[in-house]
Amino acid sequence: MAGNFWQSSHYTQWILETQDILRERQADLKILSEEEYQKLMIFFANLIQALGEQLKVRQQVIATATVYLKRFYARNSLKCIDPLLMAPTCLFLASKVEEFGVISNNRLLSTCQGVIKNKYSHAYPPEFNYRMNQVFECEFFLLETMDCCLVLYHPYRPLTQYVHDLGQDDLLPLAWRIVNDSLRTDICLLYPPYLIALSCLHMACVIKQKDAKRWFAELSVDMDKVLEITRHILKLYELWKNYDEKKEIGSLLSKMPKPKTSPSRPPSQGPNGQEKGQSQQSVQ
């Protein structure tokens, strides 16, 4: 594990450019509008959150799983692997990487079954039809896409440090929730976690009407980047305001590109987009 963020694979390989993400998404954006794509990614991030809460894992495990999901679909079309399979797979892998412990096979499948039946009956039939052999195979493709870059740095730790330095501990719960919300955007793929933490803290200051201008002015950071991140999060909240998931998700899922019955293997791409091997077949 790298001693700090700047030496890690997170920084050297997985801070991406917006145009690279959009280029990889072109196949999906021929079928879905950008807003529809974002609504689907919000839905699957919410699914990971619901599964994680039911499994009683730490928020950091849920955050890691959500970033894994975003990394996979930053390099692959939605039709490569069903996100309904990828979401629990990301959580399964994240629980091991974050040293929460291995989630047992039966517990993972029964939790998926229960959450789909009780919370997502408006989106899916009550049966969760995937089995552990498919989760294991999906995990292999996920590891390959991420080039085994598994260690993540999240905004939570720098956020806690900044709040204490500012001397406004009452801002932490709100800023923490904004960090959680930010996982529904692409900013975890675009910006270092310390800038995301500063943006969420800045938003919390504005909402709570705390004057922290002097503290922010004394920071040696690019405030234009902080404000860019803020705009991404505000755009998410604007989208959320008019997004009725229960009414819209059924038509979005039916429109979403689907894996074939025997889908071709996802392109074996590393974090910089280079294809490593020829397409092979995998069994879903």
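When two helix axes meet at an angle, values under 35 degrees count as roughly parallel, those over 145 as roughly antiparallel, those from 65 to 115 as roughly perpendicular, and the rest as oblique. With that in hand, the reader can turn to helices H4 and H6 of this structure, which is a predicted model. Helix H6, covering residues 83–97, packs with H4 at an angle of about 45°, and the axes of the two helices lie 10 Å apart. H4 and H6 are therefore oblique to each other, and H4 passes H6 in a right-handed crossing.

On the side of H4, this contact is made by Phe44, Leu47, Ile48, Leu51, Gly52 and Leu55, while H6 contributes Pro83, Leu84, Ala87, Pro88 and Leu91. Sorted by character, the residues of the contact of H4 with H6 comprise 10 nonpolar, one polar and no charged.

Helix H4, which runs over 34–55, also belongs to what covers the buried residues of another helix, H15. In H15, made up of residues 245–255, the buried residues are Glu245, Ile249, Leu252 and Leu253. Looking down the axis of H15, one finds these buried residues within an arc of 95°, so they line one face of the helix. The face of H15 that is turned away from this buried side carries Lys247 and Ser254, which are exposed.

From helix faces we can move to single residues, beginning with Lys70, which lies in helix H5, residues 59–75. The relative accessible area of Lys70 is 4%, and because buried means under 20% relative accessible area, Lys70 is buried. When its neighbours within four places in sequence are left aside, Lys70 is in contact with Met41, Leu183, Arg184, Thr185, Asp186, Cys188 and Leu189.

A second single residue to follow is Leu198, which is found in helix H12, spanning residues 193–207. Leu198 has a relative accessibility of 1% and therefore counts as buried. Not counting residues up to four places away in sequence, Leu198 touches Tyr162, Trp215, Phe216, Leu219, Val221 and Val226. Leu198 can also be placed relative to Ile229, from which it is separated by 31 residues in sequence and by 9.4 Å in space, taken from C-alpha to C-alpha.

Conventions:
Residues numbered from 1 in each chain as written. Predicted model: local features only at pLDDT ≥ 70, side-chain atom pairs only at ≥ 80, totals over all residues. Heavy atoms only, no water. Buried < 20%, exposed > 50% of the residue type's maximum accessible area, 1.4 Å probe, protein only. Helix = DSSP H or I, 4+ residues; strand = E, 2+ residues; numbered from the N terminus. Arc of directions from axis to C-beta. Contact = heavy atoms within 4.5 Å. Axes fitted to C-alpha atoms, helices over the stretch in contact; angles between N-to-C directions. Left-handed = near helix turned anticlockwise from the far one by under 90°. Nonpolar A, V, L, I, M, F, W, Y, C, P; charged D, E, K, R; others polar.
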